[in-house]
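User: I am new to this structure and would be grateful for a close look at one part of it. Please set out the answer as one connected account.

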Amino acid sequence: MKKTAIITGSSRGIGRAAAVKLAHKGYRVCINYIERHDKAKEVVRELNDEGYEAIAFQADVGDRDQVYAMVEKTKDVFGPPDLLVNNAGVAGQSLFQDVTDEMWNRYFNTNLNGARNTIMAVLPDMLERKKGTIVNVSSIWGMHGASCEVTYSCTKHALIGLTRSLAMELAPSNIRVNCVAPGVIDTDMVQVLGKDVLDELALQTPLGRLGTPEDIANAICFLASEESSFITGQVLVSDGGFIG
Ligand code: NAP
């Protein structure tokens with residue numbers, strides 16, 4: 001039987017790769033985005049052309065009303081979500097003393113409050129059905145310190161705390177909560193670093209390359225699948241050995 005998945009921030013990058021792979025694995029997918037209507041429509045069109053079921057929904061994950069509207073729409077079209085992937089995120093570099101309140105709040109609102117909003121919205125159905133899987137996308141900078149990325153690192157550490165604690169709370173209801181911690185992945189998000197820095201980061205990676213969105217999509221799919229049915233509250237690092 002077909003299952004339903006919501007993947008936040010799936011118009012581009014890691015989220016997009018995860019949504020495509022999940023569709024190929026039999027999920028009906030909701031492609032969430034905030035701005036790039038063109039990219040979201042493109043994913044939906046590609047999936048529909050191949051015979052897979054997908055819809056696009058614009059919602060700022062930091063806005064609870066928009067998130068609830070997205071979950072309601074997904075339920076109407078596909079049925080209650082079996083899987084939620086909290087992938088939407090923002091990142092950037094700044095010295096700590098230059099971090100504005102606006103930046104601090106925006107990062108927390110998207111990277112942490114966004115996950116809280118989506119989980120709150122899908123949870124009533126998951127609790128009623130006594131089944132569900134949640135995969136959060138943190139970062140290796142949610143496990144280690146990152147100079148000039150204090151805000152981002154804080155949000156990603158918090159997401160791991162959310163994962164571990166919520167997993168304990170929801171396990172008796174047969175709902176698993178896990179986390180993927182990607183290393184440096186070749187998406188739009190990291191292009192701001194420039195080619196030279198990215199080449200250097202690839203050299204610093206024991207496996208000798210940057211990760212691809214598909215590498216992380218594979219980890220997400222594993223944590224979403226029955227193959228990980230006895231795993232909850234865990235952080236799966238996929239970084240080519242970067243943090244050792
Ligand atoms: P990306 O290429 O910049 O894509 C970001 C996605 O998130 C886009 O689909 C974007 O939508 C969406 N988004 C941003 N803010 C949103 C909001 N408020 N509400 C809804 N959607 C929003 O990023 P990525 O590299 O694929 O990263 C995906 C996740 O992996 C993030 O959580 C990131 O922190 C994490 N991560 C990435 C790396 C890396 O090296 N790339 C490493 C570790 C962890 P639009 O297209 O509409 O803008």
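User: Does Trp-104 count as buried, partly exposed or exposed, and at what relative accessibility? Please describe its surroundings as well.

Analyst: The model is predicted. Within it, Trp-104 counts as partly exposed, because its relative accessibility is 30% and the partly exposed class lies between 20% and 50%.

Trp-104 takes part in an aromatic pair. The structure holds two aromatic pairs. In one of them, the rings of Trp-104 and Phe-108 have centres 5.0 Å apart and planes at 35°, so this pair is tilted. Both residues belong to helix 4, and because they are four residues apart there, about one helical turn separates Trp-104 from Phe-108. Phe-108, at 18% relative accessibility, counts as buried, since the limit for that class is under 20%.

The other pair joins Trp-141 and Phe-242; with ring centres 6.2 Å apart and planes at 90°, the pair is edge-to-face. It links distant parts of the chain, 101 residues apart: Trp-141 lies in the loop between strand 5 (132–137) and helix 5, and Phe-242 in the segment after strand 7 (235–238). Trp-141 is partly exposed, with a relative accessible area of 22%, whereas Phe-242 counts as buried at 19% relative accessibility.

The setting of Trp-104 also includes a helix contact. Helix 4 (residues 101–129) packs with helix 5 (residues 150–170) at an angle of about 15°, and their axes are 9 Å apart. The two helices are therefore roughly parallel to each other, as angles under 35 degrees fall in that class. The crossing in which helix 4 passes helix 5 is right-handed.

Trp-104 and Phe-108 are both among the helix 4 residues that meet helix 5. Others on the helix 4 side include Met-103, Tyr-107, Asn-111, Leu-112 and Ala-115. On the side of helix 5, the residues met include Thr-151, Tyr-152, Cys-154, Lys-156, Leu-159 and Leu-162. By class, this contact of helix 4 with helix 5 has 16 nonpolar, three polar and one charged residues.

A second helix contact may be set beside this one. The axes of helix 1 (residues 13–24) and helix 2 (residues 37–49) come within 11 Å and cross at roughly 20°, which makes helix 1 roughly parallel to helix 2. Helix 1 passes helix 2 in a right-handed crossing. Here Arg-16, Val-20, Ala-23 and His-24 of helix 1 meet Lys-39, Glu-42, Val-43, Glu-46 and Leu-47 of helix 2. The residues of that contact divide into four nonpolar, one polar and four charged.

Terms used: Residues numbered from 1 in each chain as written. Predicted model: local features only at pLDDT ≥ 70, side-chain atom pairs only at ≥ 80, totals over all residues. Heavy atoms only, no water. Axes fitted to C-alpha atoms, helices over the stretch in contact; angles between N-to-C directions. Parallel < 35°, antiparallel > 145°, perpendicular 65-115°, else oblique. Left-handed = near helix turned anticlockwise from the far one by under 90°. Contact = heavy atoms within 4.5 Å. Nonpolar A, V, L, I, M, F, W, Y, C, P; charged D, E, K, R; others polar. Phe/Tyr/Trp six-rings, centres within 6.5 Å; stacked < 30°, edge-to-face > 60°. Buried < 20%, exposed > 50% of the residue type's maximum accessible area, 1.4 Å probe, protein only.
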